[in-house]
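Please study the structure displayed below before attempting the exercises. Each task is followed by a worked solution.

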Amino acid sequence: MARMMASERAEIESAAALWLERMRGPVQDSAVAARFDAWIAEDPRHVESYARMASLWQSEGLALAACATRAGNDNGGEHEDAEGGPRARAYRRWFGLVAGLASLAAAVPLAQGLFAPTHTYEAPWGTTREIALSDGSHIQLSGGSRLSVRLTPWSREADLEKGEAFFDVAHEALRGFAVEAEGARVEVLGTAFDIDVLAGGRREVRVYRGLVEVAGASGTWRLPAGTGLILDGAHVRSLEGIGGDRPGWLDGWFDAQDTRLDRLVERLNRTSRIPVVLDDPQLGELRVTGRFEMDSPQEIVETLAAIHDLSWSREEGRYRIGRP
């Protein structure tokens, strides 16, 4: 579903770029204007996407490029003026500027945006991976995670398909930064936050700096630093008292607060080179609270067995937890 949403958004951006190019042309016939009116009124996202590209059009970089184009046309115009007079020269200046802007519209949004590649990153189980994006943002992927990122001149989009990632997003006035995570959408301007996509579609968002907006199937929430949200099917739960400037897993720790045993094992397996398995799936419903050093999987297994009076063993390259 998340990939479908990202694809739909890309289609909207592509359509907005094409409409911007058309509507900036010198002449618009009534049929084209009517089609544009119908498209812009069809969906509020069309208005948003078109506005973003219009802002790009008016950005300083494009303005400088437009001046350069106009200067070039002015130089050429002196020669033409001798043959066509002031009125003809004025027309050529105007026409050259429009043509130059049209070329820029095609070169910048279309070449850099519509054909901007999507980069996919993965972190193998038992490892973490640091990613530095070209916009200055940094992402750290937990083991067993997969993330796709696409940067265009007017947008920054990511899709966390599975696993956990910590985002330290570089602030930009024009482009936001949005992450799709199994049907939830997290949008920011410049902040640091963590998203965890767990088995069964459970998603957890924690904010460490700035402000984010989370949109899910049942509503939209704005989360300031120090708070978070859990989306689990139709259930939504707020998180409070999130301290520090980044999640504990980046330093090798996990803080469990009445956490299901299977969720702790899932997180442990992201960093442990020796996987942990539960012999009985019902053991996953047991709860645990405490701070665990994820670099010591055997100590965690021993602790979990002691807390719930379970047995454990190491065999066939795995830690097994079961009933005595």
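The exercises below concern a predicted model and move from the whole chain to one of its sheets.

**Exercise 1.** Determine how many helices and strands the protein chain has, and what percentage of its residues is buried.

*Solution.* Step 1: the secondary structure of the protein chain consists of 6 helices and 18 strands. Step 2: a residue counts as buried when its relative accessible area is under 20%. Step 3: by this criterion, 44% of the 324 residues are buried.

**Exercise 2.** State the accessible surface of the protein chain and the share of carbon and sulfur atoms in it.

*Solution.* Step 1: the accessible surface is about 16,600 Å². Step 2: carbon and sulfur atoms account for 51% of that surface.

**Exercise 3.** Give the strand order of the open sheet with 3 strands, and explain why strand 15 and strand 17 each have one side without a neighbour.

*Solution.* Step 1: the order is 15-18-17, with mixed pairing. Step 2: strand 15 (276–278) and strand 17 (311–315) are at the edges and have a single partner strand each, so one side of each lacks a neighbour in the sheet. Step 3: from one strand to the next, the twist averages 25°.

**Exercise 4.** Describe how strand 15 is joined to strand 18, and which helix lies across the sheet's strands.

*Solution.* Step 1: strand 15 and strand 18 (residues 318–322) run parallel and are joined by 3 bridges. Step 2: across from leucine 278 stands isoleucine 321 of strand 18. Step 3: helix 6 (residues 297–307) lies across strand 15, strand 17 and strand 18, at about 150° to strand 17.

How values were computed. Residues numbered from 1 in each chain as written. Predicted model: local features only at pLDDT ≥ 70, side-chain atom pairs only at ≥ 80, totals over all residues. Heavy atoms only, no water. Helix = DSSP H or I, 4+ residues; strand = E, 2+ residues; numbered from the N terminus. Buried < 20%, exposed > 50% of the residue type's maximum accessible area, 1.4 Å probe, protein only. Areas by Shrake-Rupley, 256 points an atom, 1.4 Å probe, with all protein chains shown as cover. Pairing = 2+ DSSP bridges. Axes fitted to C-alpha atoms, helices over the stretch in contact; angles between N-to-C directions. Contact = heavy atoms within 4.5 Å.
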